[in-house]
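Here are my notes on the model you sent, as numbered points. They follow the sheets, the helices, the ligand site and a few backbone details.

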Amino acid sequence: MKAIRIHQYGPPEVMQIEEIEPLQPKAGQILVEVKAAGVNPVDTYIRSGNYHLKKELPFTPGFDAAGVILQVGSDVKNLYAGQRVYTSDSLTGTYAQQTLCLPHHIHPLPDSVSFEEGAAIGIPYGTAWRALFQRGHAVSGERVLIHGASGGVGIAAVQLAAAAGLRVIATAGTPAGRQLVQQQGTQAVFDHYDPDHFQKIFELTKGVDLLLEMLANLNLDRDMDILAKGGRLVIIGSRGRIEIDPRKAMAGELNIHGLMLMNASLQELQEIYSGIEKGLLQGKLKPVISRCLPLHQAAHAHREIIESPHLGKIILLP
Ligand code: NAP
């Protein structure tokens with residue numbers, strides 16, 4: 001089978017397509033035929049070698065995929081060959097024609113959701129759910145700002161928040177991004193490259209109750225200016241350091257929470273993915289695909305996700 005392999009950490013070009021031995025599930029494992037694989041920023045951090053999570057070389061990158069179960073190992077219950085599924089983690093990586101998973105990596109894919117859409121769910125919707133409900137304790141009617149809403153996690157967060165009855169304000173960096181985000185159920189969308197957008201959001205909302213932050217190293221200090229008293233901020237993404245004024249957190253009695261999806265317990269994962277399944281079945285959640293690329297263009301996909309403006313997810317087709 002074909003797979004992207006990384007033999008040394010480094011720039012996107014260290015990813016090469018290779019022919020490798022087909023995979024065999026051991027006891028407790030599930031073999032999935034990958035129809036589409038989702039590209040996430042974390043895949044690029046791991047590939048670079050500059051991330052706390054290291055993989056043994058050589059390895060196949062990727063956590064998210066959608067496809068069909070080919071075979072289940074002994075001791076696997078409630079999953080069967082032929083079942084449509086999506087993954088949110090993998091033992092062997094998802095940038096490949098096959099991937100091996102554990103039962104809690106696998107979730108049923110409703111017939112109404114395409115494989116490309118399925119590959120856009122695992123990490124983005126899982127992270128958005130954890131940010132809103134497990135770390136952010138969102139309540140219907142509250143004002144939430146999704147700061148960076150045009151990418152995978154942001155669009156998922158807008159859809160989940162709107163479905164939960166929150167009043168959603170969001171940001172994106174391009175006119176096309178703002179138009180796309182507006183269509184997902186927001187009340188207002190601002191440009192996060194406009195230095196005045198913090199003030200404009202405050203004028204509109206008089207302070208947001210909850211703020212999900214995709215780029216904390218740029219925004220954290222100013223974010224504290226636009227939270228309501230007692231407001232909560234969830235740091236989802238950050239790519240560097242920032243100086244903040246802690247007095248802002250004191251004056252507003254703000255609650256600043258970190259988030260790492262990988263820290264979710266099995267019980268929390270169960271809550272996350274059963275909630276997402278409900279939203280998919282009700283048609284309230286609909287992943288947005290920006291582009292599908294053939295598997296051998298994985299390096300191009302990694303450059304795009306870091307360097308280009310976002311309009312949803314990039315998907316690889318094996
Ligand atoms: P993505 O699809 O690459 O999207 C990145 C988003 O960041 C886009 O909406 C982009 O908007 C936005 N952005 C760019 N400049 C910004 C700014 N100045 N202020 C606010 N937002 C800005 O990435 P993703 O999958 O949505 O993930 C978002 C971040 O969360 C990434 O850093 C990722 O590594 C992180 N993440 C963390 C976890 C965790 O467990 N903590 C899990 C998943 C993701 P434009 O392109 O429109 O400018």
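1. Six strands form an open sheet with parallel pairing, in the order 10-9-8-11-12-13. This is a predicted model. The edge positions belong to strand 10 (188-191) and strand 13 (255-258). Each of these two has a single partner strand, so one side of each has no neighbour in the sheet. From one strand to the next, the twist averages 20 degrees.

2. Within that order, strand 8 (residues 143-147) and strand 11 (residues 208-213) run parallel and are joined by four bridges. For anyone checking the register, Leu-145 has Leu-211 in strand 11 as its bridge partner.

3. Which strands does helix 5 lie across? Helix 5 (residues 175-182) lies across strand 9 (167-172) and strand 10. Its direction makes an angle of about 160 degrees with strand 10. Strand 10 is also one of the edge strands of point 1.

4. A separate set of pairings is antiparallel. Strand 3 (residues 30-38) pairs with strand 4 (residues 64-72) in the antiparallel sense, over eight bridges. Val-32 has its bridge partner in strand 4, namely Ile-69.

5. Strand 4 also runs antiparallel to strand 5 (residues 84-87), and four bridges join the two. Two positions fix the register here: Ala-65 is opposite Thr-87 in strand 5, and Val-68 is opposite Arg-84 in strand 5. Strand 5 in turn pairs with strand 7 (residues 106-108), again in the antiparallel sense, over three bridges. In that pairing Val-85 stands opposite Pro-108 of strand 7. As a general point, strands of a sheet pair through backbone hydrogen bonds, either parallel or antiparallel.

6. At what angle do helix 3 and helix 9 pack? The angle between helix 3 (residues 122-135) and helix 9 (residues 266-281) is about 110 degrees, and their axes are 10 Å apart. Angles of 65 to 115 degrees count as roughly perpendicular, and helix 3 and helix 9 are therefore roughly perpendicular to each other.

7. The contact itself involves Gly-122, Ile-123, Tyr-125, Gly-126, Trp-129, Arg-130 and Gln-134 on the helix 3 side. On the helix 9 side are Glu-268, Glu-271, Ile-272, Tyr-273, Gly-275 and Ile-276. By class, the residues of this contact are six nonpolar, four polar and three charged.

8. The ligand is surrounded by 28 residues, of which Tyr-45, Ser-150, His-192, Leu-261 and His-310 are the closest. Two histidines reach ligand oxygen atoms with polar side-chain atoms: for His-192 the distance is 2.8 Å, and for His-310 it is 2.7 Å. Gly-151 makes its approach through the backbone, with an N or O atom 3.0 Å from an oxygen atom of the ligand.

9. Two backbone details deserve a mention. The peptide bond from Leu-57 to Pro-58 is cis, with omega near -10 degrees. Pro-58 is placed in the loop between helix 1 (41-48) and strand 4.

10. Where does Asp-75 lie? Asp-75 is in the loop between strand 4 and strand 5, the antiparallel pair of point 5. Although Asp-75 is not a glycine, its phi is positive, at about 75 degrees.

Methods:
Residues numbered from 1 in each chain as written. Predicted model: local features only at pLDDT ≥ 70, side-chain atom pairs only at ≥ 80, totals over all residues. Heavy atoms only, no water. Axes fitted to C-alpha atoms, helices over the stretch in contact; angles between N-to-C directions. Parallel < 35°, antiparallel > 145°, perpendicular 65-115°, else oblique. Contact = heavy atoms within 4.5 Å. Nonpolar A, V, L, I, M, F, W, Y, C, P; charged D, E, K, R; others polar. Pairing = 2+ DSSP bridges. Near = heavy atom within 4 Å. Polar contact = N/O pair within 3.5 Å; in protein donor to acceptor, adjacent residues only side chain to side chain.
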